[in-house]
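Work through the exercises below with the structure open. Each one has a task and a stepwise solution.

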Amino acid sequence: MSTSDTLDDRPEPPATDSRRARKKQENRTQLLAAARAVFAEMGFGAASVRDIVRRTDLATGTFYNYFEDKDAIFEAVVGELTDELVRRHRDGRARATTAEAFLHAHFSVYFHFVADDPELLALARKNVTAIRTLLDKPDVRTLARCLYDDLKDAIQRGTLPPIDTALFAAALSGVAFEVSVMMIDRDPVDADAAADFATRLMLGGLTGMGAT
């Protein structure tokens, strides 16, 4: 057997699988970044898969290796934003020692997350209706489940009064979303004022339930 035959028979280096996986992740990341930019500029309704692919160095066929259609990549974009919000909430609500601090952390993190990133602010402004349709999707529901868990923990610690956790979580989520819709429609956008308003609103309701 020749030396060349021996070399040809060697198994492919394990690094190949690692490189392939890394390339797949890079392609997906590139598509998501392009989609976020396109949805921010054009809005979900006007954007197309072709518009997204044009922002990348990928072929249109490659898009469909990762996402079924425009709806799927929009859901993935919102899912990524949800994951980041969950991470930020861990540094806020969970550390609150008073009802006011809990509420303010909840609203402030959410409103500043939307308002402080120009691209995300544009995305929110142009896609309110499309985002509403995703509120019951699994990725977005993760945000609601984390809020529910944080509320349960706060009640157990005595930070919040013993109230109906599911109903209060729904109320906080609704206020956060609807106030954010009004906030982003204003110029200038004032996340601090929106957070203060929402906190006072909800704290006033909690006061009648025993919160201090």
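Contact here means heavy atoms within 4.5 Å. The model is a predicted one.

**Exercise 1.** Leaving aside neighbours within four places in sequence, find the residues in contact with Ala-195.

Solution.
- Step 1: Locate the residue. Ala-195 sits in helix α11, which covers residues 191-207.
- Step 2: List the partners. With neighbours within four places set aside, Ala-195 touches His-104, Phe-107, Ser-108 and Phe-111.
- Step 3: Check one backbone distance. The C-alpha atoms of Ala-195 and Ser-108 are 5.1 Å apart, although 87 residues separate the two along the chain.
- Step 4: Classify the exposure. Ala-195 has a relative accessible area of 0%, so it is buried.

**Exercise 2.** Decide whether His-106 is buried or exposed, then list its contacts beyond four places in sequence.

Solution.
- Step 1: Place the residue. His-106 belongs to helix α6, a helix spanning residues 99-115.
- Step 2: Apply the cut-off. Buried means under 20% relative accessible area. His-106 is at 5%, so it counts as buried.
- Step 3: Collect the contacts. Outside the four-place window, His-106 meets His-89, Arg-93, Leu-147, Leu-172 and Ala-176.

**Exercise 3.** Which residues gather with Glu-100 in a patch of negative charge on the surface?

Solution.
- Step 1: Start from Glu-100. This residue is in helix α6.
- Step 2: Test its exposure. Glu-100 has a relative accessible area of 47%, so it is partly exposed.
- Step 3: Name the other members. Asp-116, Asp-190, Asp-192 and Asp-196 join Glu-100 in the negative surface patch.

Definitions and conventions
Residues are numbered from 1 along each chain as its sequence is written. This is a predicted model: local features need pLDDT of at least 70, side-chain atom pairs count only at pLDDT 80 or more; totals for chains, interfaces and linings use all residues. Side-chain values use heavy atoms; hydrogens and water are left out. Patches are made of residues with over 30% relative accessible area and no salt bridge: like charges are joined within 9 Å, nonpolar side chains (Val, Leu, Ile, Met, Phe, Trp, Tyr) within 5 Å. Accessible areas come from the Shrake-Rupley method with a 1.4 Å probe; for residues, only the protein chains shown count as cover. A salt bridge is a side-chain nitrogen of Lys or Arg within 4 Å of a carboxyl oxygen of Asp or Glu. Lys and Arg count as positive and Asp and Glu as negative; His and the chain ends are not counted. The place of a charge is taken as NZ of Lys, CZ of Arg, CG of Asp or CD of Glu. Helices (H or I, at least four residues) and strands (E, at least two) are DSSP runs, numbered from the N terminus. Buried means under 20% relative accessible area, exposed over 50%, partly exposed in between (1.4 Å probe, protein chains only).
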